[in-house]
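User: I'd like to go through this model and ask what backs up each label. Can you take me through the reasoning?

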2 protein chains.
Amino acid sequence: MNIGWRIWLTKDETKIFGKGPKELLQRTEKMGSLRKAAMSMNMSYSKAWNLISNLEKSLGLKILDKTIGGVDGGSSKLTQEGKILIEKYEELEKKVEEAILKIFEETF
Amino acid sequence: MNIGWRIWLTKDETKIFGKGPKELLQRTEKMGSLRKAAMSMNMSYSKAWNLISNLEKSLGLKILDKTIGGVDGGSSKLTQEGKILIEKYEELEKKVEEAILKIFEETF
């Protein structure tokens with residue numbers, strides 16, 4: 001027997017960040033484009049846009065620097081705050097995993 | 001900002017127990033009937049039966065004592081092992097919640 005788990009961040013009882021949004025931001029940084037990142041995850045651009053917009057509003061921070069227009073139809077990259085969010089979230093994931101596995105071993 | 005979480009138990013990468021099955025077992029104990037408990041959760045009896053049967057096979061334990069037939073069409077109550085499973089799982093939930101909240105406070 002083993003244990004499975006999932007965590008997410010909320011604001012006013014609503015999910016604002018988790019595994020999916022993290023993946024979206026990481027792909028956006030790598031591909032330089034929120035649209036391409038969304039497409040690569042079979043997510044509509046409008047859903048991706050809403051997700052990021054919601055996250056930024058909830059945190060009161062700018063997460064993506066978006067350049068509109070240009071040859072490639074605009075580009076996106078993480079702001080410093082966006083990078084810190086991902087770093088902290090991955091630290092959270094790592095520590096939670098360690099704690100959960102330890103508690104599981106102790107309990108079962 | 002806050003943190004949300006969910007845990008579950010797995011066997012061979014498959015979910016075998018979690019919040020829903022726990023609720024089902026607790027209602028079964030209270031109502032004396034797996035069928036009534038399933039109905040009260042808008043779950044089909046066959047789904048509830050499969051869930052418990054799967055859990056018992058995965059753990060190699062009997063979780064419910066089922067009496068078939070009789071005036072009320074049979075009854076079900078938790079075995080000692082079933083009671084211990086619920087107790088341990090609730091201990092796990094409590095400890096995981098404490099640990100996650102602590103880690104969240106430390107990280108964000």
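Analyst: Sure, and let's start with a definition: two strands count as paired if DSSP finds at least two bridges between them. Keep in mind that this is a predicted model. In it, A:Ile3 has B:Leu9 as its bridge partner in S1(B).

User: How do you know that S1(A) and strand S1 (residues 2–11) of chain B are paired?

Analyst: Count the bridges: nine of them join S1(A) to S1(B), and the two strands run antiparallel. The cut-off is at least two bridges, so S1(A) and S1(B) qualify as a pair.

User: What makes strand S1 (residues 2–11) of chain A and S2(A) a pair?

Analyst: Here there are three bridges, in the antiparallel sense. The rule asks for at least two, so this one passes as well. Looking at individual residues, A:Lys11 sits opposite A:Thr14 in S2(A), and A:Thr10 faces A:Lys15 in that strand. S1(A) and S2(A) make a hairpin with two residues between them. In the turn, A:Asp12 has a positive phi of about 50°.

User: Which order do the four strands of the open sheet take?

Analyst: The order is S2(A)-S1(A)-S1(B)-S2(B), with antiparallel pairing. S2 (14–17) of chain A and S2 (14–17) of chain B each have a single partner strand, so they stand at the edges and one side of each lacks a neighbour in the sheet. On average, neighbouring strands of this sheet are turned by 60° against each other, ignoring direction.

User: What makes a residue part of the contact, and how many does each chain give?

Analyst: The test is whether C-beta atoms, placed from the backbone, lie within 7 Å. The contact takes 23 residues from chain A and 23 from chain B. On chain A's side, S1 and H4 are the elements that give two or more residues. By class, that side has 13 nonpolar, four polar and six charged residues.

User: How do you know what confidence the predictor has in chain A?

Analyst: pLDDT runs from 0 to 100, and chain A averages 94, with 96% of its residues scoring at least 70. Among chain A's elements, strand S3 (residues 64–67) has the lowest mean, 89, and helix H4 (residues 80–107) the highest, 98. For the complex, the predictor gives an ipTM of 0.91 and a pTM of 0.90.

Notes. Residues are numbered from 1 along each chain as its sequence is written. Chains are lettered from A and ligands numbered from 1 in the order in which they are written. This is a predicted model: local features need pLDDT of at least 70, side-chain atom pairs count only at pLDDT 80 or more; totals for chains, interfaces and linings use all residues. Axes are lines fitted to C-alpha atoms, for helices over the stretch in contact, and angles run from 0 to 180 degrees between N-to-C directions. Two residues are in contact if their C-beta atoms, placed from the backbone, lie within 7 Å. Ala, Val, Leu, Ile, Met, Phe, Trp, Tyr, Cys and Pro count as nonpolar, Asp, Glu, Lys and Arg as charged, and the others, Gly among them, as polar.
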